[in-house]
Amino acid sequence: MDYYQDLRPSGDLPYPNLIRAYAYSNQQGYFMEPTKETGNASNGSLRRTMVEQHLETAIAQRYPTFGGVSHLYKMDRLGKGYHEFVFYRRNRGTVDHGLGRRDEDTFECAKYNILRHPRQNDSNNPNYAAKNPGLVTGMDREMLALTNYPFLSHTVMSAPLLPRCIPRLGSQSSQDTVVEGQFLMTTKKQPSALTKIFTTPELCLKILSEIGARWDDLGNLSRTCQMIMFALNEVSTHVDLTKGEFLNLDFPNNDVDEANARATAEDIATNGKFMRPAPAEFLILSNIRGQYLGAEDGEGEPDNQGYPAPPRGRYYRRNAEDRLPDTYRLFSTINVRGSRIRMLHFHSTPYLDVSVLEKCLDELPNLQVLGVHNCELLHFGMTVPLLEAIIARNKKPGASFVRSDFSPFYYYGRQRQDDGRKGEYGVIPSDMGTVDTRRAVTAVLYTAVPLALKNGIDWFTPGTGLRKFLDRLPFSLGSIRYILEALFNLNHFKQGLYDEARGAKEQAPNLDSENDALWNYIMGRTLYNDLVIAVHGKAMDANALDSTMMSRGYFTLVTCAFCEAELPSYFFTEESANRRVDQIQCCGCQLQDLLSQQIDNFFQEKKEVVRSLFNDPNINNVDSYLNAKRVATEAEINNPQFHFWIVAVKTKAEVRKSYSGGLVLDGRPSPDHPEHTKEIWVWKDRVVQAMTHAMRYIDGGHQRAQQAIAHCQEGIEELDDLYYNGELPSQFDIKQNRNEADKLRCLIDQELARCGSGQMGGRHGTKLAADWDAEITKYRQLVQAMVGVVENQGPYNTVWNNASTGYW
């Protein structure tokens with residue numbers, strides 16, 4: 001479901017738009033300031049005070065583009081007194097950063113369609129306003145059937161910008177049969193001018209050079225019609241990382257021609273000629289899904305509510321060990337074709353981290369567009385390091401300016417046997433109750449946004465890959481755009497870009513116009529208020545908001561000792577904020593540490609494999625990686641486990657011919673042999689070492705994990721048998737029995753997480769990360785309460801009073 005709203009005749013959402021509803025109901029449950037038109041809440045108790053009117057007038061006169069200041073609202077408390085709330089400003093001045101969409105509210109509310117994150121024990125009907133909406137039908141049922149995507153036989157795409165089948169011809173064609181995986185709708189004739197533009201390679205490449213650094217825009221363009229999708233595919237060169245097919249791009253054309261000249265007629269008849277690769281101006285490296293290999297006995301039937309059974313089939317995939325030579329092929333391709341590559345996209349590329357990417361960028365002098373999307377080792381915690389690497393590349397003398405785009409690796413919820421897909425946090429694989437992901441993501445962006453803006457890099461406007469990633473995270477309703485806007489406004493303020501009106505100092509009423517510190521406090525405090533409230537996702541109590549930025553009556557920010565960001569205490573845990581100054585760590589750095597140290601899906605083992613690939617002092621760049629040699633040590637030559645002849649520069653015959661002295665082991669050169677006979681290729685040695693590590697700890701780790709899980713399950717069965725059969729004599733033994741069973745279940749969760757098929761939880765079920773289950777449940781409850789499906793049972797027994805929904 002890539003489109004922001006469902007395909008339905010009404011063109012509207014299947015449930016009420018809560019953002020519009022907040023204008024007249026439960027206003028303090030939303031972060032945006034109430035509109036002037038609606039005035040008070042429905043019960044008439046929410047009202048704006050005018051205590052800040054004097055400051056607002058002064059700001060408007062001196063800095064007319066800044067907008068207003070934060071307004072204080074009061075709401076009567078049950079009994080005596082009142083609550084004081086502060087909202088995100090509606091009047092944010094005239095500076096437009098280009099972060100909004102024309103249909104912002106509809107786009108945001110469409111994320112909360114339960115069909116995007118369906119559950120097994122639920123009707124998954126998006127008609128939230130009905131008490132018993134019944135089962136889904138029509139288009140909604142077809143969307144529910146996509147729950148197991150991509151484990152379906154009829155998917156139409158096999159890779160980014162790569163359709164599975166040839167285009168479907170028009171209605172006048174003799175093609176009557178429908179091929180599985182082909183587009184079902186016949187093509188309509190497009191305007192001749194549009195067709196001419198996209199079918200002209202030079203023009204199509206020019207369009208790609210303009211839009212290629214905006215992955216979401218490029219994806220939307222490709223979905224416009226079949227003609228455009230296949231035209232984009234025609235001008236791109238797609239490397240298949242599933243099978244390691246580089247289309248001979250890693251060989252010079254002369255080598256391909258010579259190989260064809262040496263081939264005999266029998267070889268050509270059997271295998272055909274070697275393909276001479278086309279110019280790779282737009283190069284895409286990604287996995288390509290082949291045919292879906294269904295189970296012999298077919299797929300399971302959906303349950304009685306239409307939720308599909310877990311997939312039984314699979315796609316072909318190589319093991320971790322066999323994928324490692326692809327890094328050498330990638331560097332060879334860069335070395336041979338680097339000067340011709342103008343646009344380069346990495347999609348779900350294994351073993352790609354910042355160090356590998358830096359080596360590639362150094363060998364691409366004419367690169368204009370770089371896209372790095374959903375690569376496992378490049379999670380959100382690598383946003384700033386990747387940004388710094390691209391900035392360093394762009395600053396090199398004589399290097400072209402690279403327009404880049406980045407989509408961090410997105411962590412889906414794990415498909416389970418019951419309750420459907422749960423635990424989708426997006427930015428982290430498992431929630432162990434240690435990081436508030438909303439605050440953490442914002443803290444990382446607090447550093448990334450100014451760095452990108454300073455260096456002319458756009459990763460945050462709608463249409464870019466990173467913005468699409470952020471839009472997919474379970475932030476509070478409608479908040480991500482305004483979090484980014486608050487960060488942009490803070491950068492605008494710190495750079496001194498709010499224009500001061502001419503003669504404003506003389507006209508400012510009753511303020512010390514010469515005291516810039518006072519103006520900085522007023523404006524800075526207002527902007528930080530916006531940031532904290534947007535992340536919080538609803539109006540904040542005025543005292544609680546003050547406590548995040550005020551200390552002993554002074555405006556105070558906390559400095560992170562690791563990223564040096566100055567942030568309100570809202571972005572620090574209490575434990576961290578109470579440490580020594582040199583140990584204070586913001587939530588963003590905590591998130592980066594968590595992602596760097598995760599064990600899910602053999603992440604640490606994969607990082608170690610990449611380190612092993614380049615762990616040699618002779619490797620500094622692509623050229624040294626491909627061509628460096630070294631002399632094998634005597635210990636290595638005498639070690640039977642060292643694969644000397646696999647990595648040796650010379651063959652056995654050449655070694656034997658070059659020196660008549662004695663040989664050791666399987667014909668290896670002895671200590672008396674000249675050093676040139678003991679030379680080995682550094683890249684081959686590194687690849688062999690990395691393959692050995694991958695085989696032992698990743699491929700072998702899967703097998704050991706399954707054995708450990710089976711062993712733990714047997715242990716749990718034995719403990720349960722003792723518990724339920726009443727063979728435990730005392731309460732102490734019963735407690736010990738249950739504790740042991742819980743430990744084994746935790747070990748099972750840990751092993752499932754290591755294999756990428758499960759998640760770990762926090763101690764005693766502690767949760768802190770935002771997830772889509774809770775957000776969609778909250779949305780549905782609020783809609784049902786608003787339309788009267790859920791009755792209000794009093795101030796302490798309603799969905800409003802729920803911690804996740806947040807009514808005071």
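Is Cys-204 buried or exposed? Cys-204 is buried, with a relative accessible area of 0%. Keep in mind, as you look through these close-ups, that this is a predicted model.

**View 1. Two cysteines without a bond.** Let's stay with Cys-204 for a moment. A disulfide is a covalent bond between the sulfur atoms of two cysteines. For Cys-204, the closest cysteine sulfur belongs to Cys-225 and sits 11 Å away, which is too far for a bond, because a disulfide needs the two sulfurs within 2.5 Å. Cys-712 is in no disulfide either; its nearest cysteine sulfur, in Cys-746, is 10 Å away. Cys-712 also counts as buried, at 7% relative accessibility. With the 2.5 Å cut-off, the count comes to zero disulfides.

**View 2. Helix α6 meets helix α7.** Here you see α6 (residues 201-211) packing against α7 (residues 215-222). The angle between the two helices is about 145°, and their axes are 9 Å apart. On the α6 side, the residues to look for are Ile-207, Leu-208 and Ile-211. They meet Asp-217, Leu-218 and Leu-221 of α7. Sort the residues of this contact by type and you get five nonpolar, no polar and one charged.

**View 3. A parallel sheet with two edges.** Follow the strands across and you'll read the order β6-β7-β8-β9-β10: five strands forming an open sheet with parallel pairing. Why is one side of β6 and of β10 left without a neighbour in the sheet? Both β6 (237-240) and β10 (403-407) stand at the edges with a single partner strand each, so one side has no neighbour there. From one strand to the next, the twist averages 10°. Helix α6 turns up again here, packed on the sheet and touching β7 (282-286), β8 (343-347), β9 and β10. The direction of α6 makes about 60° with that of β8.

**View 4. Zooming in on β9 and β10.** Strand β9 (residues 369-373) runs parallel to β10, and five bridges join them. One pair to find is Leu-370 and its bridge partner in β10, Ser-404. His-373 lies in β9 too, and it counts as buried at 2% relative accessibility. What does His-373 touch, not counting residues up to four places away in sequence? The list is Trp-215, His-345, Phe-346, His-347, Ser-348, Asp-405, Phe-406 and Ser-407.

**View 5. Inside the nonpolar cores.** The largest nonpolar core has 150 residues. Within it, the ones with the most contacts are Phe-346, Leu-370, Phe-380, Phe-460 and Leu-470. Helix α19 (residues 516-536) gives the most to this core, with ten residues. Take Leu-470 as an example: setting aside neighbours within four places in sequence, it is in contact with Phe-380, Val-441, Leu-445, Phe-475, Ile-480 and Leu-484. There's also a second, separate core of 20 residues, and Ala-213, Met-227, Ile-284 and Met-343 are among them.

**View 6. A tyrosine tucked into a loop.** Where is Tyr-410? You'll find it in the loop between β10 and β11 (414-415). At 3% relative accessibility, Tyr-410 counts as buried. Leaving out neighbours within four places in sequence, Tyr-410 is in contact with Asn-374, Glu-424, Gly-426, Phe-469, Arg-472, Leu-473 and Trp-772. Tyr-410 and Leu-470 are 60 residues apart along the chain, and their C-alpha atoms are separated by 9.9 Å.

Definitions and conventions
Residues numbered from 1 in each chain as written. Predicted model: local features only at pLDDT ≥ 70, side-chain atom pairs only at ≥ 80, totals over all residues. Heavy atoms only, no water. Axes fitted to C-alpha atoms, helices over the stretch in contact; angles between N-to-C directions. Helix = DSSP H or I, 4+ residues; strand = E, 2+ residues; numbered from the N terminus. Contact = heavy atoms within 4.5 Å. Nonpolar A, V, L, I, M, F, W, Y, C, P; charged D, E, K, R; others polar. Buried < 20%, exposed > 50% of the residue type's maximum accessible area, 1.4 Å probe, protein only. Pairing = 2+ DSSP bridges. Core = buried A, V, L, I, M, F, W, Y, C linked by side-chain atoms within 4.5 Å.
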